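Let's take a walk through this model together, one region at a time. Keep the viewer open so that you can follow along as we go.

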Amino acid sequence: MHSVLFGVLLCHAHVTVQSLSPLSAGGMTANINIRSAVEFRPTGNNFDISSATASLGWFPKESLYQSVEGLRIEHFPGESTAAQLVGENIEFYWKNPGNAAQFSLDATVQTASEFVPVKRKIPFPIEQHFLTEEMMPYLQAGRIANQSEQIQQLARKLVEGKDDLYHAVFQLAEYLSQNIKYSLESEGQPAIQTSSEVVQSKRGKCDEITALFVSLNRSLGIPCRFVSGYSYTENEMFDDNWVSHSWAEVYFPGAGWVPFDITHGQFGYLDAGHIMLSVSLDADPSSVAFVASGVDFELQPRCQLDTRVDPQIILPEGQNRQAIDIRLEVQSGEVGFGSDVVVVAIVRNNRDHYVATQLELAKAKGVRPLNHPSRMNILMDPLEVIEIPYFFNMDGNHKSGYSYEYTFSLSSKWSTKEKHVKINVKDGAPMFYAKT
């Protein structure tokens, strides 16, 4: 018996809809085609293949943010039985396949960019009766998503004082997004750094960063699983718009599996350009595995694994994008040269569930931030209203006798309108000094 595992993913993306980007869309419909093949090469005079099997874990999955329709499977040649779904894999069987075995899979996938709603506070640590036998595998250490004393200490430190599960998970995600640098050093290869290595190097690619997030959650008794698929990107670092990508899902009792994409900064939701193709315990599963029985032969990949993504319909955001309202207020609309100013952002969550979002502040040159960065992730409880003071110093190159107008604006993916305020700076106007 011979076997071969394929873990290398080859992507050829055919983008037919370009008027609206999946990154800003409310939803997307796309055709997915996956195919693979293997040859059986003779190594002696008694060459014969009695049977072959393939186990495919890389195909579109149903989730709270993705639906799959019209799944069509073909496999040939030889006498074969119908493909069967076994757990998270599709199993193929060939009898007397001859010199080759191959399969193809087509499906229509619909994605939605929307939060998986968690509407109530879930106590942290998670109560033991929620950790059923089904959840146990998602609490165990893996080969890549492993455990170490450093990981466990970091996790405990990050969630110290937290008694709300969403706030604890958000804290882990936010730490990684701010402290682990995204690196393409091993792009195109399976994860090679373990979580314990990433926590020390503080750099990694998407599957390695995701594995560390999985490890941190599991060390705290939070079920977490590894997800792989394709995502749409407009980053010039990549040759294609559709690239293989990894993110995680965290189990929230009563709500289900909630997505967290650390490298994209999407916590509790995904943009419409995410297509889930694999769910696993760790970052190192094979995508497809061929096994054959016979004599005098060897397995030779003909097509390792070819995945094609063809968007058909991209939906606009719609009114559901107005998850939060933003209002900006200023202490004084007129200040003197070199004065400090405070711009207060009043942010309201309009939803009856938790909302995590990134606030992006735009400001003119000559303005020096004193506390918050220009981009900041926040988590809001259901229907919560928060105030965020932004402090600045107006240290631009001002000339006496002139008046200068500065505009500050704040935006979020989940707010349809960008809010802005203006401050005039002129010689002789009141001076203010911030206490941050």
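**A tour of strands and helices**

Ala362 stands opposite Ser409 in strand S25. This is a predicted model, so please read each feature below as a property of that prediction. The pair you have just found belongs to a wider arrangement: strand S21 (residues 355-362) is joined to S25 (residues 403-411) by three bridges, and the two run antiparallel. S21 also pairs with strand S23 (residues 375-380), again antiparallel, this time through six bridges. To locate that second pairing, look for Val355, whose bridge partner in S23 is Met380.

Now move back along the chain to strand S13 (residues 256-261). Is this strand mostly covered, or is it open? It is mostly covered, with six of its six residues buried. Strand S12 (residues 242-252) runs antiparallel to S13, and five bridges join them. At one of these positions, Phe252 stands opposite Gly256 of S13. Three residues lie between the strands in this hairpin, and Gly254 takes a positive phi near 90° there.

S13 has another antiparallel partner in strand S14 (residues 266-267), to which two bridges join it. Here Asp261 has Gln266 of S14 as its bridge partner. The hairpin of S13 and S14 has four residues between the strands, and in it Gly265 takes a positive phi near 65°.

Let's turn to the helices, beginning with H1 (residues 149-158). Which residues of H1 are buried? They are Ile151, Leu154, Ala155 and Leu158. Viewed down the axis of H1, these buried residues fall within an arc of 100°, so they line one face of the helix. The elements covering them include helix H2 (165-179), helix H3 (195-201) and H4.

Of these, H4 (residues 206-219) deserves a closer look: its axis and that of H1 come within 9 Å and cross at roughly 70°. Angles of 65 to 115 degrees count as roughly perpendicular, and therefore H1 is roughly perpendicular to H4. On the H1 side, the contact is made by Ile151, Gln152, Leu154 and Ala155, while H4 contributes Leu212, Ser215, Leu216 and Ser219. In character, the residues of this contact divide into five nonpolar, three polar and no charged. If you select them in the viewer, you can also pick out Ile151, Leu154 and Ala155, which are among the buried residues of H1 and also take part in the contact with H4.

Notes. Residues are numbered from 1 along each chain as its sequence is written. This is a predicted model: local features need pLDDT of at least 70, side-chain atom pairs count only at pLDDT 80 or more; totals for chains, interfaces and linings use all residues. Side-chain values use heavy atoms; hydrogens and water are left out. Axes are lines fitted to C-alpha atoms, for helices over the stretch in contact, and angles run from 0 to 180 degrees between N-to-C directions. Angles under 35 degrees count as roughly parallel, over 145 as roughly antiparallel, 65 to 115 as roughly perpendicular and the rest as oblique. Contact means heavy atoms within 4.5 Å. Ala, Val, Leu, Ile, Met, Phe, Trp, Tyr, Cys and Pro count as nonpolar, Asp, Glu, Lys and Arg as charged, and the others, Gly among them, as polar. Buried means under 20% relative accessible area, exposed over 50%, partly exposed in between (1.4 Å probe, protein chains only). Two strands pair if DSSP finds at least two bridges between them. The arc is that of the directions from the helix axis to the C-beta atoms.
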